[in-house]
Amino acid sequence: MIVKLNIIIGSTRPGRVSPKIAKWVESAAREHGKFEVELVDLVDFNLPLLDEAAHPRMQKYEHEHSKKWSASVQAADAFVFVTPEYDYFPPAALINAIQALSLEWGYKPAGVVSYGGISGGLRSAQELRTLLGNLNAHAIPQVVPVPLFPKFISEDGVFTPNDEMNAGAKGMLDELFKWAGPLATIRSAG
């Protein structure tokens with residue numbers, strides 16, 4: 001089974017680091033060999049703050065950006081969110097993007113790669129995992145933290161993980177793949 005994996009870049013801030021770390025996650029997922037990988041950048045969707053009149057559970061999207069975002073999420077079997085930690089929480093743009101939809105997240109596994117200071121963004125990852133669980137996604141516990149992230153970015157802007165991060169990414173991807181099949185069965189029985 002080939003699993004469609006969306007790696008979602010969770011920051012839209014100018015000067016953000018998420019794309020650099022997401023490129024590493026994309027490479028790790030392609031190397032893993034069991035995923036059809038798509039790198040999804042929230043910047044490309046330009047989602048305003050909850051601008052649809054109907055509740056997302058109704059899936060009556062009026063705006064093209066909502067329809068495009070819904071189609072992207074619906075097409076995936078699994079997700080990896082790459083997120084920084086802002087004030088012990090995920091970025092508002094990422095929270096908004098998740099809350100703009102509802103049913104599209106259901107019965108799909110989700111992993112998190114977080115980055116930040118000494119905590120590696122783990123507090124934001126935990127909040128994100130809770131939100132995803134509330135939307136019926138299966139947020140796996142195998143979070144990959146990147147502590148003190150500037151140490152891993154070269155002068156030319158390339159992120160180079162250490163052995164522990166690489167091992168963590170492999171473990172997370174293994175778990176996503178294990179969960180993707182059974183959850184796809186549940187979705188199809190729906």
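**Exercise 1.** In this predicted model, decide whether Phe-152 is buried or exposed.

*Solution.* Start with the relative accessible area of Phe-152, which is 16%. Next, recall that buried means under 20%. Phe-152 is therefore buried. Try Phe-159 in the same way: with 7% relative accessibility, this residue counts as buried too.

**Exercise 2.** Work out which kind of aromatic pair Trp-69 and Trp-105 form, and which parts of the chain they tie together.

*Solution.* Begin with the count for the whole structure: a search finds nine aromatic pairs. For Trp-69 and Trp-105, the ring centres are 6.1 Å apart and the planes stand at 65°. Planes over 60 degrees apart count as edge-to-face, so this pair is edge-to-face. Now place the two residues: Trp-69 belongs to helix H2 (residues 64-75), while Trp-105 is in the loop between helix H3 (92-99) and strand E4 (109-116). The pair therefore ties together parts that are 36 residues apart in sequence. Both Trp-69 and Trp-105 are buried.

**Exercise 3.** Classify the ring pair of Phe-152 and Phe-159.

*Solution.* The centres of these two rings lie 6.3 Å apart, with the planes at 55°. Stacked needs under 30 degrees and edge-to-face needs over 60. The angle of 55° fits neither, so the pair is tilted.

**Exercise 4.** Find which residues join Trp-69 and Trp-105 in one aromatic cluster, and which charged end sits over the ring of Phe-45.

*Solution.* The cluster is completed by Phe-45, Phe-79 and Phe-81. Over the ring of Phe-45 sits the charged end of Lys-68, 5.1 Å from the ring centre. Elsewhere, look at Tyr-86: the charged end of Arg-13 sits over its ring, 4.0 Å from the centre.

Notes
Residues are numbered from 1 along each chain as its sequence is written. This is a predicted model: local features need pLDDT of at least 70, side-chain atom pairs count only at pLDDT 80 or more; totals for chains, interfaces and linings use all residues. Side-chain values use heavy atoms; hydrogens and water are left out. Rings of Phe, Tyr and Trp (its six-membered ring) pair if their centres lie within 6.5 Å; planes under 30 degrees apart count as stacked, over 60 as edge-to-face and the rest as tilted. Helices (H or I, at least four residues) and strands (E, at least two) are DSSP runs, numbered from the N terminus. Buried means under 20% relative accessible area, exposed over 50%, partly exposed in between (1.4 Å probe, protein chains only). A charge sits over a ring if NZ of Lys or CZ of Arg is within 6 Å of the ring centre and within 35 degrees of the ring normal.
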